[in-house]
Amino acid sequence: MANTKLSAPGGNPSDVERIKRESNYLRGTLAASMLEPISAGISDDDNRLMKFHGSYLQDDRDLRNERQKQKLEPAYQFMLRVRMPGGVAQPGQWLVMDELAQKYGNGTLKLTTRQTFQMHGILKWNMKKTIQSIHQSLLDTIAACGDVNRNVMCNPNPYQSDIHAEVYEWSKRLSNDLLPRTRAYHELWLDEEMVASTPEQDAYEPMYGPLYLPRKFKIGIAVPPSNDIDVFSQDLGFIAIVEDGKLAGFNVAIGGGMGMSHGDKETYPQVAKVIGYCKPDQIYDVAEKIITIQRDYGNRSQRKNARFKYTVDRLGLDNVKAELESRLGWSLETAKPYHFNDNGDRYGWVQGVGDKWHFTMFIQGGRIADYDGFQLMTGLREIAKVHTGDFRLTANQNLIVADVTPQKKEEITELLGRYGLIDVQQYSGLRRSSMACVALPTCGLAMAEAERYLPVLIDKIEGILDENGLRNEEITIRMTGCPNGCARHALSEIGFIGKAPGKYNMYLGAAFDGSRLSKMYRENIGEEEILRELGTLLPRYAKERESGEHFGDFVIRAGVIAATTDGTNFHD
């Protein structure tokens with residue numbers, strides 16, 4: 001029974017709540033909209049519903065002004081995101097995604113910060129064929145976006161692959177069991193016959209209900225000592241506890257999230273807080289009950305304050321924990337000790353258990369494409385043709401060629417070398433620790449460049465690093481084109497949020513292991529100011545740092561920036 005002391009915020013429901021209520025469980029008028037031949041776009045109501053099916057309507061903003069002058073509609077196209085728990089794909093699935101990107105997309109694949117594939121540039125008339133091809137490869141796009149639980153992340157951890165294999169199975173179960181139950185996706189895209197509706201209001205969605213969640217919901221599972229999935233950025237995080245070489249259970253952390261709005265101090269990034277410990281077979285029960293708490297008490301009036309982090313902060317951590325345990329009918333155990341070393345990836349060849357090998361390669365901005373003199377996409381395609389293990393997409397937009405047998409290692413090493421994919425050390429530690437969202441030209445929310453600009457900026461920062469002996473120093477740097485935080489900027493030691501074309505807010509002071517948020521250091525600055533600031537700070541770091549001290553810790557100890565102890569004082 002719900003806690004009578006708790007309540008949801010008042011106010012009129014947002015327009016998105018109306019759209020969901022009138023959608024007949026996510027169907028809306030999508031079937032007719034996708035067949036309408038006059039426009040490459042769809043209505044705003046249907047675009048809101050498309051998110052639940054794994055897609056957004058976008059347009060090429062590079063072409064927007066020119067098309068407007070020609071009195072043409074925007075260059076509409078769809079972004080399509082795959083649901084792929086734990087980021088694991090088979091070689092055959094990789095080849096399908098590669099083929100679809102060439103046939104229907106813009107010729108590239110984006111490896112996202114939530115360990116999945118994203119395709120851009122798909123025209124409306126090709127969406128159904130694309131989704132059906134993905135389905136035939138045993139992947140899907142259900143709930144990859146929308147006000148539901150999104151792609152469940154887990155640690156790729158190839159050097160602990162026995163534990164990872166078990167954790168991965170839990171991530172798959174969570175992803176599957178927390179899916180929406182409506183058959184709208186199957187009817188619209190897979191030609192399943194539509195069934196008659198039922199009079200019981202919640203019959204289609206016993207957990208979500210007809211209005212689903214107030215906002216998106218994210219779950220991640222981390223295996224210490226690596227926090228590469230940024231478990232504290234998740235609405236619900238599970239931290240694996242390993243005892244005597246076996247998975248004993250999970251610490252439970254709630255209330256993380258990276259998004260905010262410029263100029264609105266009522267919005268802020270937040271880190272999840274550990275509230276207890278559960279056994280592995282209790283993980284689904286915990287997740288389901290947490291989701292129902294957000295369903296019942298989340299803000300359905302103001303979407304910018306609708307994420308679970310705001311629900312937790314408004315109701316109080318202890319009250320949410322008490323409500324969770326009331327709904328569970330049992331209490332969480334006391335959290336167990338754990339330790340994270342970093343939130344990055346380990347590059348190059350690593351030997352795991354069972355004589356299997358794993359190769360982690362750096363993918364700049366997560367963009368799989370062929371470039372002049374660098375055939376990244378072609379090289380990976382050739383590897384996929386001979387690989388007998390799997391591919392693992394990391395939460396840092398990188399790629400692991402995993403479970404390589406000793407017999408295949410030589411062949412794959414030769415292909416890595418032939419296509420220039422093997423020399424990870426050619427990149428600076430800063431570049432290897434970088435991450436950027438898509439931003440322009442396709443993201444409608446972007447205020448500034450990110451993926452296309454961050455490599456250019458790093459080129460110039462590397463000169464400062466080289467002058468100060470810091471080239472191989474791992475310093476996390478992340479850039480997003482808007483405050484939504486897709487690249488988790490607030491958990492990077494150097495972070496940038498787009499404010500306007502060529503202008504960024506600069507943040508410093510996050511923890512290297514992803515446990516502490518950053519704080520704004522300079523507002524609305526361009527490249528010249530960025531390089532001037534780092535031209536001062538990085539030499540200081542090189543000279544004044546203590547043994548083993550990371551850059552984010554140094555700027556706090558040196559008094560450059562105050563520590564953010566909680567998201568609620570992020571703006572102080």
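How many nonpolar, polar and charged residues does the lining of the second largest cavity have? In this predicted model, the lining has two nonpolar, one polar and four charged residues. The residues in question are Val16, Arg48, Lys51, Phe52, Gly146, Asp147 and Arg303. As for the room inside, the second largest cavity holds about 50 Å³ of space.

Stepping back to the full tally, there are three cavities of 30 Å³ or more. The largest cavity has a volume of about 50 Å³. Its walls are made by Gln364, Gly365, Gln397, Ser434, Met435, Ala436, Glu451, Leu454, Pro455 and Ile458. Two elements put two or more residues each into that lining, namely strand E18 (434-436) and helix H15 (454-467). Sorted by class, the lining of the largest cavity comes out at five nonpolar, four polar and one charged.

Then there are the pockets. The second largest pocket contains about 320 Å³ of space. It is lined by 17 residues, and those closest to its centre are Ile363, Gln364, Tyr371, Phe374 and Leu376. Gln364 also turns up in the lining of the largest cavity. Among the residues lining the second largest pocket, 10 are nonpolar, three are polar and four are charged.

Next up is a group of cysteines. An unreviewed UniProt entry puts the feature "binding site" at Cys437, Cys443, Cys482 and Cys486. These residues span 50 residues in sequence, but no two of their C-alpha atoms are more than 11.3 Å apart, so they gather at one spot.

Two of these cysteines are worth a look one at a time. Cysteine 482 sits in the loop that links strand E19 (477-480) to strand E20 (494-500). Is cysteine 482 buried or exposed? Its relative accessibility is 10%, so cysteine 482 counts as buried, the cut-off for that being under 20%. Setting aside neighbours within four places in sequence, cysteine 482 is in contact with Leu445, Ala446, Met447, Ile497 and Gly498. Ile497 and Gly498 fall within the range of strand E20 (494-500).

Cysteine 486 is in the loop between E19 and E20 too. Here the relative accessible area is 42%, so cysteine 486 is partly exposed. Apart from residues up to four places away in sequence, cysteine 486 touches Thr113, Cys437 and Thr480. One of these partners, Cys437, is also listed under the "binding site" feature in the unreviewed UniProt entry.

Elsewhere, a serine in a loop meets the beginning of the chain. Serine 301 lies between helix H9 (283-297) and helix H10 (308-315), in the loop that joins them. With a relative accessible area of 15%, serine 301 is buried. Its side chain reaches the backbone oxygen of asparagine 12 at 2.9 Å. Once neighbours within four places in sequence are left out, the contacts of serine 301 are Gly10, Gly11, Asn12, Pro13 and Ser14.

What does the view look like from the other side of that contact? Serine 14 belongs to the segment before helix H1 (15-21), and at 12% relative accessibility it counts as buried. Beyond neighbours within four places in sequence, serine 14 is in contact with Arg300, Ser301 and Arg303. Arg303 has already come up as a lining residue of the second largest cavity. Serine 14 also shows how the chain can bring distant parts together: proline 214 is 200 residues away along the chain, yet the two C-alpha atoms are separated by 9.4 Å.

Helix H9 has its own residue to consider, threonine 292. Threonine 292 is buried, with a relative accessible area of 8%. Neighbours within four places in sequence aside, threonine 292 is in contact with Met207 and Arg327.

Last comes a glycine in a strand. Glycine 121 is part of strand E5 (residues 117-122), and its relative accessible area of 18% makes it buried. When neighbours within four places in sequence are left aside, glycine 121 is in contact with Gln77, Phe78, Tyr104, Gly105 and Asn106. Methionine 79 is 42 residues away from glycine 121 along the chain, with 6.5 Å separating their C-alpha atoms.

Definitions and conventions. Residues are numbered from 1 along each chain as its sequence is written. This is a predicted model: local features need pLDDT of at least 70, side-chain atom pairs count only at pLDDT 80 or more; totals for chains, interfaces and linings use all residues. Side-chain values use heavy atoms; hydrogens and water are left out. UniProt positions are given in the numbering used here, feature names are shortened, and annotations may be inferred rather than shown by experiment. Helices (H or I, at least four residues) and strands (E, at least two) are DSSP runs, numbered from the N terminus. Buried means under 20% relative accessible area, exposed over 50%, partly exposed in between (1.4 Å probe, protein chains only). Contact means heavy atoms within 4.5 Å. On a 1 Å grid over the protein atoms alone, a cavity is a set of points where a 1.4 Å probe fits but cannot get out, and a pocket is an open set with protein on both sides within 12 Å along at least five of seven lines; lining residues have an atom within 4 Å of a point. Grid points are joined across faces, edges and corners, and a volume is the space filled by probe spheres set on the points. Ala, Val, Leu, Ile, Met, Phe, Trp, Tyr, Cys and Pro count as nonpolar, Asp, Glu, Lys and Arg as charged, and the others, Gly among them, as polar. A polar contact is a pair of N or O atoms within 3.5 Å; within protein, one must be able to donate a hydrogen and the other to accept it, and residues adjacent in sequence count only if both atoms are side-chain atoms.
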